[in-house]
Amino acid sequence: MENTHQKTAGLVKSGLVAALYVVLTVAFSSWSYGPIQLRLSEMLNNLAVFNKRYIWALTIGCVIANLWSSLGAMDVIFGSLGTLMMTGISYLLSRYVNSRIGRLAISVLVCAFFSWSVALELYFISKAPFWATYLTVGIGEFISVLAGALIIWAISKRIDLEK
């Protein structure tokens with residue numbers, strides 16, 4: 001019985017994170033898409049360093065949120081693959097770090113660095129200049145993920161996010 005409860009609880013947590021990602025992205029859609037963006041939902045990427053279930057939750061949330069993107073199917077595919085890559089690498093690297101702050105710092109740096117994938121997508125699809133777009137998207141990503149790291153660090157002091 002306990003195993004079924006744990007699986008159900010994990011599925012519910014994943015669904016909530018995916019839904020929260022979608023709501024935050026779409027509610028602030030004017031900030032969430034394009035060469036200059038501050039996608040607030042990216043703050044949730046920090047959850048991946050606590051449990052790998054959130055890698056898939058965030059990727060699914062990104063797939064759904066990108067259905068509203070003006071870039072269409074390309075953003076659904078490549079934007080979501082970027083999220084999968086960022087959160088997956090953050091999870092893998094953070095497994096070697098015991099401190100919450102260290103794991104969250106890894107997440108912030110990895111996500112900000114790998115925002116080049118968004119810049120590359122915008123370069124090919126929208127003909128946006130790569131380096132300028134990488135700079136603006138990277139700054140927005142850094143701000144979102146850093147703010148999220150602070151919030152999630154505070155939450156993680158009270159709630160075990162690894163469960």
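Here is a walk through the inside of this protein, from its packed cores to its empty spaces. Keep in mind that what you're looking at is a predicted model.

Let's start with the greasy middle. The largest nonpolar core has 24 residues, and V17, Y21, L47, F50, L58, L104 and I152 are the ones with the most contacts inside it. Which elements give two or more residues to this core? They are α1 (2-27), α3 (53-65), α5 (100-113) and α7 (130-156). There's also a second, separate core of five residues, with L71, V118, L122 and A128 among them.

Now zoom in on L104, one of those well-connected core residues. If you skip its neighbours within four places in sequence, L104 is in contact with N46, V49, F50, A149, I152 and W153.

Next, find L161, in the segment after α7. Is L161 buried or exposed? Its relative accessibility is 11%, and buried means under 20%, so L161 counts as buried. Leaving out residues up to four places away in sequence, L161 touches L47, F50, N51, Y54, I152, I155 and S156. You can also look across to L16: it sits 145 residues from L161 along the chain, yet the two C-alpha atoms are separated by 13 Å.

L161 turns up again when we look for open space. The largest pocket holds about 290 Å³ of space. It is lined by 16 residues, and V17, L20, L44, L47 and L161 are the closest to its centre. Both α1 and α7 supply at least two residues of this lining. Sorted by class, the lining has 12 nonpolar, one polar and three charged residues.

The second largest pocket has about 240 Å³ of space. Of the 23 residues lining it, Q37, R39, D75, V118 and E121 lie nearest its centre. What about the mix here? This lining has eight nonpolar, 10 polar and five charged residues. Helix α4 gives the largest share, five residues.

So let's meet α4 itself. This helix covers residues 73-94 and reaches 31 Å from its first C-alpha to its last, close to the 32 Å expected. Its buried residues include D75, V76, G79, M86 and Y91.

Finally, there is one cavity of 30 Å³ or more, with a volume of about 30 Å³. Which residues line it? Q37, R39, E42, V137, G140, E141 and S144 do. By class, that makes one nonpolar, three polar and three charged residues.

Key:
Residues numbered from 1 in each chain as written. Predicted model: local features only at pLDDT ≥ 70, side-chain atom pairs only at ≥ 80, totals over all residues. Heavy atoms only, no water. 1 Å grid on protein atoms, 1.4 Å probe; cavity = no way out; pocket = protein on both sides within 12 Å on 5 of 7 lines; lining within 4 Å. Points joined across faces, edges and corners; volume = space filled by probe spheres on them. Nonpolar A, V, L, I, M, F, W, Y, C, P; charged D, E, K, R; others polar. Core = buried A, V, L, I, M, F, W, Y, C linked by side-chain atoms within 4.5 Å. Buried < 20%, exposed > 50% of the residue type's maximum accessible area, 1.4 Å probe, protein only. Helix = DSSP H or I, 4+ residues; strand = E, 2+ residues; numbered from the N terminus. Contact = heavy atoms within 4.5 Å. Expected span 1.5 Å × (residues − 1).
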